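Good morning, and thank you for making time for this presentation. I would ask you to look at the sequence and the structure together before I turn to particulars.

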Amino acid sequence: MVKKETEMSAMEIDDPKSGTSDQILPKFSINVLQLMKTSQAQHGLRHGDYARYRRYCSARLRRLYKSLKFTHGRGKYTKRALLESTVTDVRFLHVVFYMAERAWSHAMEKRQLPDGPNARQRIYLIGRLRKAVKWASLFSSLSSIKADSRTSLEAEAYASYMKGTLLFEQDQNWETALACFKNARAVYEEIGKYGDLENQVLCRERVEELEPSIRYCLHKIGKSNLQTSELLQIGEMEGPALDLFKAKIEAAMEEARSQQAASLTEFNWLGYRFPVSNPKTRVSILKAQELEKDLQGPIAESLPAEKKLTIFDKLFTAYQDARSTIRSDLVSAGNAESVKDDLNGLDKAVGAVLGQKTIERNQLLVKIAKSKLNRKRDDKSEKVTRPEELVRLYDLLSQNVADLSDLINSGRDRKPEEISFEEECQRKSLAFRAERCFYLAKSYSLAGKRVEAYALYCRARSLAEDALVKFQSIANKDEGTIQELKTLSKECRANSCIEHATGVMEEEKAPENLSKKISNISLDDTGAKVEKYLLDKLDVYESAAGDSNTKTAPKIERFPPAFQSISRNPVVLDLAYLCIDFPDIEKRTKKTGGFISRFWK
């Protein structure tokens, strides 16, 4: 057990036993940061699963108690204190460390509840964080006596971080919390100057994780000019140490949305105004609208594609939450027809906006796939887009447009805005069909089916020209889409000519290629690789197992047997048959017939 613990925590343990009382006891050594990072990454926190990490800490503590024979009684629980005299093995320090980790992970688990912790759960959360601070402080005090200077410094930084986390959650004593975080940062900056490369990287990552908490404390004290947008950018960083910070930012944003949502009394869509009475629906719609601004704002062009996809996922979640709340209100509306009509209209409007954003997201996926279609693969692990994937994406886009058009046509009284929106959907559907047909032709071309590819390119060009005419006929022209359709029409014409020429060339070369293939056909094994079989070398003193350097099994006889040329039976021509006069034997033949047949003789 001691050996396993040594390998896991990368520590050096000397023999704690001493023969005399005058001998100086060796100092224990634990790489605290590496032990913490390894445990968290391997047992759930890589995916934010604090419940799994808490279960691991409990199981680890049980194993440590059993190996140290430090159990608390079988029947009745009898607490055994961890004192300075008790720590005779490095595993006792591990016990204190995992007790602090278990309490901290339990508190973070409560923090990640779907609707956030209520008042009672928050009291329990604060209690678990206090317990974590208690065990971390004990770990620091025991390490200062029983461990070497480096372990003592890391334990002190760990205790400072736990204390700062408690004050951060309590929203009080921001100066003390700032001092705790700064103390932990200073220790990790100093330790990161020494040791191997892995240790330096871990310390640098830990300093980066502590920096947002320090900046937020300065912001709360009033000593920083940090803007709200900068806080949101900091909250997008990843790491277990930042989960509490992100939860704090999200709670502050929810509170600000709740105050701002009071002014959101109606939802506008295509000339309709739907009242929004439920506060939860208001907050969800307001959150979605803020995310839409991030996708359409001036910084949207500079955002990477992966970041935009993440924003789209959050936007979909917000609109789905709004629709869920609306449908709950529909169930509780009872027989109030006017309220039901308003809620149904609001649900339809939110669903239509959600459909529009789904089309925008799929268009972004198409853009990403097109960028990888013709790009040369520099890395073997990099995935290259195939035309079939773009065909599938355009199928999704066509289905999205059809669903959106059905949603608009479901109403009885239609306004001019709805009619123009439906016409826009028809134009987009035609453009998506042209693109789909183009990439379907590309897939047939890669498969060597020239006739099908040529026909599909011609069809795609026809669809693209029809869509181009419709887009050019409207007043507010979409220049980007018009340019894309013009390029598509030119590519369709060029590719159709290429497929036609390639097909003619292949047809002209078909007889020549066929004759070459036939000329290589032989009934015997001439020119083929000669293989030795067991039946061919029965009179030779040679091993039947074959060569020792080869891994193939020895062969006994050819199967199926090879073709052999054999002589055919001779053809006999009877040339004298026509020159012989044979006698008339008609009189000798037996005459048959009845009474009537005699008259015809």
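I begin with a serine and its surroundings. Leaving out residues up to four places away in sequence, Ser 284 touches Ala 318, Asp 321 and Ala 322. Ser 284 itself sits in helix 11. Is Ser 284 buried or exposed? With a relative accessible area of 13%, Ser 284 is buried, because the limit for a buried residue is under 20%.

Before going further, I should state that this is a predicted model.

Let me now give the overall picture. The chain has 601 residues, of which 38% are buried. Its secondary structure comprises 17 helices and two strands. If one takes the contacts between residues at least 6 apart in sequence, 65% of them join residues at least 24 apart. The exposed area of the chain is about 38,300 Å², and carbon and sulfur atoms supply 52% of that area.

I turn next to charged pairs. As a general point, side chains of opposite charge can pair when their charged atoms come close. How many salt bridges are counted in this model? The count comes to 22 salt bridges, and I shall discuss some of them.

The pair I would like to dwell on is Arg 323 with Asp 347. Their side chains meet in a salt bridge, with an N to O distance of 3.1 Å. Arg 323 belongs to helix 12 and Asp 347 to helix 13, so this pair ties together parts that are 24 residues apart in sequence. Both partners can be placed by their accessibility. Arg 323 counts as buried, at 17% relative accessibility, and Asp 347 counts as buried at 11%. Helix 12, where Arg 323 lies, runs over residues 305-332. Which residues does Arg 323 contact, once its neighbours within four places in sequence are left aside? They are Asp 347, Val 350, Gly 351 and Leu 354. The salt-bridge partner Asp 347 is thus one of the residues in that contact list.

A second pair is Arg 273 with Glu 266. In this salt bridge the closest N and O atoms are 2.6 Å apart. Here Arg 273 counts as exposed, at 57% relative accessibility, whereas Glu 266 counts as partly exposed, at 32%.

A third pair lies within helix 15. Lys 428 forms a salt bridge with Glu 424, and the closest N and O atoms are 3.6 Å apart. Because Lys 428 and Glu 424 are four residues apart in helix 15, about one helical turn separates them. Lys 428 is partly exposed at 27% relative accessibility, and Glu 424 is partly exposed with a relative accessible area of 32%. Elsewhere, salt bridges with shared partners join Lys 37, Arg 206 and Glu 209 into one network.

I come now to the pockets. In general terms, rolling a probe the size of a water molecule over the atoms shows where empty space is left. The second largest pocket in this model has a volume of about 850 Å³. Its lining is made up of 27 residues, and those nearest its centre are Glu 360, Gln 363, Leu 364, Lys 367 and Glu 484. Which helices each supply at least two residues of this lining? They are helix 11 (279-296), helix 12, helix 13 (337-371), helix 14 (387-409), helix 15 (416-446) and helix 17. Several elements already mentioned return here: helix 11 holds Ser 284, and helix 12 holds Arg 323.

Two features of the surface and backbone remain. On the surface, Tyr 577, Leu 578, Ile 580 and Phe 582 form a nonpolar patch, and together they have about 510 Å² of accessible area. Within this patch, Ile 580 lies in the segment after helix 17, which covers 479-519. Ile 580 counts as partly exposed, at 44% relative accessibility.

The last item concerns Lys 69. Phi of Lys 69 is near 55°, a positive value in a residue other than glycine. Where is Lys 69 placed? Lys 69 is in the loop between helix 3 (50-68) and helix 4 (90-111). At 67% relative accessibility, Lys 69 counts as exposed, since exposed residues are those over 50%.

To close, I return to the pair of Arg 323 and Asp 347, a salt bridge at 3.1 Å, which links helix 12 with helix 13.

Conventions
Residues are numbered from 1 along each chain as its sequence is written. This is a predicted model: local features need pLDDT of at least 70, side-chain atom pairs count only at pLDDT 80 or more; totals for chains, interfaces and linings use all residues. Side-chain values use heavy atoms; hydrogens and water are left out. Buried means under 20% relative accessible area, exposed over 50%, partly exposed in between (1.4 Å probe, protein chains only). Contact means heavy atoms within 4.5 Å. Accessible areas come from the Shrake-Rupley method with a 1.4 Å probe; for residues, only the protein chains shown count as cover. Patches are made of residues with over 30% relative accessible area and no salt bridge: like charges are joined within 9 Å, nonpolar side chains (Val, Leu, Ile, Met, Phe, Trp, Tyr) within 5 Å. A salt bridge is a side-chain nitrogen of Lys or Arg within 4 Å of a carboxyl oxygen of Asp or Glu. On a 1 Å grid over the protein atoms alone, a cavity is a set of points where a 1.4 Å probe fits but cannot get out, and a pocket is an open set with protein on both sides within 12 Å along at least five of seven lines; lining residues have an atom within 4 Å of a point. Grid points are joined across faces, edges and corners, and a volume is the space filled by probe spheres set on the points.
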